[in-house]
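Hello,

Here is the structure I promised to pass on to you. Please open it alongside this message, and my notes follow below.

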Amino acid sequence: MMCLCRVCGQEKSIDLFERDSRKKNGTTTRCKDCKHLSNRKSAKAFGRLREKQKKYPIPIETDQQEFDVLFAQMDDLCSYCGCAYTSTPTIDHIQAMKNGGRHHISNLTLVCKSCNSAKNNKPLLVYYEQNALNFPQINLTSVVHHMAYFSRRTFDEVVEELEQQKRDYCEVRGWNCYATDFTRWTAYFAFLNVRKAS
Ligand SMILES: [Zn+2]
Ligand SMILES: [Zn+2]
């Protein structure tokens with residue numbers, strides 16, 4: 001029996017996939033090669049986080065295992081622009097370390113080099129609004145879900161925190177600050193929930 005790997009897109013024999021009893025056909029949809037590659041990238045990235053810690057001596061509140069999960073979830077796509085990166089992705093601190101961001105999985109995500117340097121120390125919502133064309137709303141939504149899930153908060157609580165970070169950033173610069181338009185999201189989630197329920 002053959003299976004399609006969702007990461008490399010190749011059709012391979014089923015014994016080249018890992019077993020997973022939760023899945024319908026008893027295997028994961030990621031082939032063993034892709035899994036090992038992902039774990040190697042994850043180990044590298046975790047090593048780099050340790051390096052960073054020397055510069056910003058704040059505690060590391062995550063571990064290799066959580067990194068492996070993060071890498072598995074992302075399927076080699078940038079969290080912000082959604083591009084498929086070819087080299088090891090960079091770790092972005094959603095709230096910049098400089099602004100008090102933690103080395104905690106809820107504050108870490110994987111992005112391409114160009115998004116990482118473009119965002120720099122900007123709050124997430126400021127970066128999002130300045131890059132509407134490169135940062136689809138659906139990706140922003142996933143990032144907020146990631147933050148909410150790993151910090152055990154609700155979506156709205158995370159949004160409130162992100163709005164506050166944006167207000168602080170704008171205030172210092174004397175910018176007018178409008179709340180991010182979440183109405184489209186709300187409609188979108190209502191739609192998803194209806195689909196889930198039915
Ligand atoms: Zn594969
Ligand atoms: Zn990107």
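Below is what I found, going from the whole chain down to single residues.

First, a word on confidence: this is a predicted model. Its mean pLDDT is 87, and 91% of the residues reach 70 or more. Confidence peaks in strand S6 (residues 108-111), with a mean of 95, and is lowest in helix H7 (residues 183-197), with a mean of 57. Where pLDDT is low, the predicted coordinates should not be read in detail.

Now the overall picture. The protein has seven helices and six strands, and from the N terminus their order is β-β-β-β-α-α-β-β-α-α-α-α-α. Along the principal axes, the C-alpha atoms fill a box of roughly 60 × 50 × 30 Å. The radius of gyration is 18 Å, which agrees with the value near 16 Å for a compact globule of 198 residues. Of those 198 residues, 23% count as buried. Among contacts between residues at least 6 apart in sequence, 54% join residues at least 24 apart.

Next, the interior. In soluble globular proteins, nonpolar side chains tend to be buried together. Here the largest nonpolar core has 26 residues, and Leu 70, Val 111, Leu 124, Tyr 128 and Val 143 have the most contacts inside it. Two or more core residues come from each of helix H2 (64-74), S6, helix H4 (124-130), helix H5 (137-151) and helix H6 (155-173). H4 gives the largest share, five residues. If you would like one residue to click on, try Val 143: leaving aside residues up to four places away in sequence, Val 143 touches Ser 79, Ile 94, Thr 109 and Leu 124.

Helix H1 is worth a look too. The end C-alpha atoms of H1 are 35 Å apart, which agrees with the 34 Å that its 24 residues should span at 1.5 Å a residue. Cys 34, Ser 38, Lys 41, Ser 42 and Phe 46 are buried in this helix, and the buried residues of H1 pack against strand S4 (27-31) and H2. An α-helix has 3.6 residues a turn, so residues three or four places apart point the same way.

And Arg 40, is this residue buried or exposed? Arg 40 lies in helix H1 (residues 32-55). Arg 40 counts as exposed because just 12 other C-beta atoms lie within 10 Å, and the cut-off for exposed is 12 or fewer. From Met 1, Arg 40 is 39 residues away in sequence and 28 Å away in space, C-alpha to C-alpha.

Best wishes

Technical notes
Residues are numbered from 1 along each chain as its sequence is written. Chains are lettered from A and ligands numbered from 1 in the order in which they are written. This is a predicted model: local features need pLDDT of at least 70, side-chain atom pairs count only at pLDDT 80 or more; totals for chains, interfaces and linings use all residues. Helices (H or I, at least four residues) and strands (E, at least two) are DSSP runs, numbered from the N terminus. A residue is buried if 20 or more other C-beta atoms lie within 10 Å of its own, exposed if 12 or fewer, and partly exposed in between; C-beta atoms are placed from the backbone. The radius of gyration is taken over C-alpha atoms; the globule rule is 2.2 Å times the number of residues to the power 0.38. Two residues are in contact if their C-beta atoms, placed from the backbone, lie within 7 Å. pLDDT is the predictor's confidence in each residue, from 0 to 100. A nonpolar core is a set of buried Ala, Val, Leu, Ile, Met, Phe, Trp, Tyr and Cys residues joined through C-beta atoms within 7 Å. The expected span of a helix is 1.5 Å times one less than its number of residues.
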